[in-house]
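Student: Got a minute to go through this one with me? I have some quick questions.
Tutor: Sure, put it up and ask away.

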Amino acid sequence: MTDLNSDCLFCRIISGKIPAKKVYEDEHVFAFEDIKPKAPTHVLIVPKKHFAGLNEAQAEDADVIGRCHLVAAEIARQRNVEQGYRTVVNVGPGAGQTVFHLHVHLLGGRGLNWPPG
Ligand code: 5GP
Ligand code: ZN
C-alpha cells in the first residue's frame, strides 16, 4: 500500500506498526476496535488510503467513503446491533476530530440519543 503516511497514527495501525484489535480488512478498508470505546460496539473503519478527513476528500475518494459505511453495516449485522447503531464522521477539531486520517465510528449496543452532543 503506497498511500500510507508514517506520521499518521491510523496509517501505523493499518501497516501493523502499532497494534490494534483488527475487526475487518480488505483491499481498500481496515477496521479495528476503538481503544477507548464509547459504546459496547465501537469500531473505527478507515480507508487504507491516507487523507485527513471529509474536508480533504476528493471525488476519487467517494468509493472508499461508501465502502467504509458498507463495512460498518456489515459489522453491525455481525454484532446484532442492526436495529439501532450510528455511524459518525467527526470533521475538524470543532467536532471533536483528534486523528486526522478519515475514519467512520460505528457505535452501537446501547441507546443513542438524538441530537448528539
Ligand atoms: P476522533 O475523535 O478523531 O473522531 O476519533 C478518534 C478515535 O480514535 C477516538 O475514539 C480514540 O479513542 C481512538 N484512538 C485514538 N488513539 C487510538 C489508538 O492508538 N488505537 C485505537 N484503537 N484507537 C485510538
Ligand atoms: Zn493516515
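Student: What spacing do the donors of the zinc ion (ligand 2) follow along the chain?
Tutor: The spacing is C-x2-C-x38-H-x50-H. Keep in mind that this is a predicted model.

Student: Which residues and atoms are those donors?
Tutor: They are Cys8 (SG), Cys11 (SG), His50 (ND1) and His101 (ND1). They lie 2.0 to 2.3 Å from the zinc ion (ligand 2).

Student: And what geometry does the site of the zinc ion (ligand 2) have?
Tutor: Tetrahedral, with angles of 107 to 117 degrees among the 4 donor atoms. For reference, the ideal angle for four tetrahedral donors is 109.5 degrees.

Student: Are cysteine 8 and cysteine 11 buried or exposed?
Tutor: Both are buried.

Student: Zooming out. How many helices and strands are there in the chain?
Tutor: There are 2 helices and 5 strands. From the N terminus the order is α-β-β-β-α-β-β. The radius of gyration is 14 Å, close to the 13 Å that the globule rule gives for 117 residues, so the chain is as compact as a globular protein of that length.

Student: What box do the C-alpha atoms fill?
Tutor: Roughly 40 × 30 × 25 Å along the principal axes. Of the 117 residues in the chain, 38% are buried.

Student: Pockets next. What volume does the largest pocket have?
Tutor: About 850 Å³. The lining has 35 residues, and the closest to the centre of the pocket are Asp34, Lys36, Lys38, His42 and His105.

Student: Which elements give two or more residues to that lining?
Tutor: Those are α1 (9-14), β2 (29-33), β3 (41-47), β4 (85-88) and β5 (104-108). Helix α1 gives the most, with 3 residues.

Student: How does the lining of the largest pocket divide into nonpolar, polar and charged?
Tutor: It has 19 nonpolar, 9 polar and 7 charged residues.

Student: Back to lysine 36. Where is its place in the chain?
Tutor: Lysine 36 sits in the loop between β2 and β3.

Student: Why does lysine 36 count as exposed?
Tutor: Because its relative accessibility is 61%, and the cut-off for exposed is over 50%. Here is a distance as well: the C-alpha atoms of lysine 36 and asparagine 55 are separated by 25 Å, with the two positions 19 residues apart along the chain count.

Student: What about valine 64 and valine 46: how far apart are they in sequence and in space?
Tutor: They are 18 residues apart in sequence and 8.8 Å apart in space, C-alpha to C-alpha. Valine 64 is in helix α2. At 11% relative accessibility, valine 64 counts as buried.

Student: Now backbone oddities. Which residues does a cis peptide bond join?
Tutor: Tryptophan 114 and proline 115, with omega about 0 degrees. Proline 115 is in the segment after β5.

Student: And what is the phi of asparagine 80?
Tutor: Positive, about 60 degrees, although asparagine 80 is not a glycine. Most residues other than glycine have a negative phi, and most peptide bonds are trans.

Student: Where is asparagine 80 found?
Tutor: In the loop between α2 (62-78) and β4. Asparagine 80 counts as exposed, because its relative accessibility is 64%.

Conventions: Residues numbered from 1 in each chain as written. Chains lettered and ligands numbered in written order. Predicted model: local features only at pLDDT ≥ 70, side-chain atom pairs only at ≥ 80, totals over all residues. Heavy atoms only, no water. Donors = N, O, S within 2.8 Å, 3.2 Å for Na, K, Ca; no water. Tetrahedral: all angles 85-135°; square planar, octahedral: opposite > 155°, others 65-115°. Buried < 20%, exposed > 50% of the residue type's maximum accessible area, 1.4 Å probe, protein only. 1 Å grid on protein atoms, 1.4 Å probe; cavity = no way out; pocket = protein on both sides within 12 Å on 5 of 7 lines; lining within 4 Å. Points joined across faces, edges and corners; volume = space filled by probe spheres on them. Helix = DSSP H or I, 4+ residues; strand = E, 2+ residues; numbered from the N terminus. Nonpolar A, V, L, I, M, F, W, Y, C, P; charged D, E, K, R; others polar. Rg over C-alpha atoms; globule rule 2.2 N^0.38 Å.
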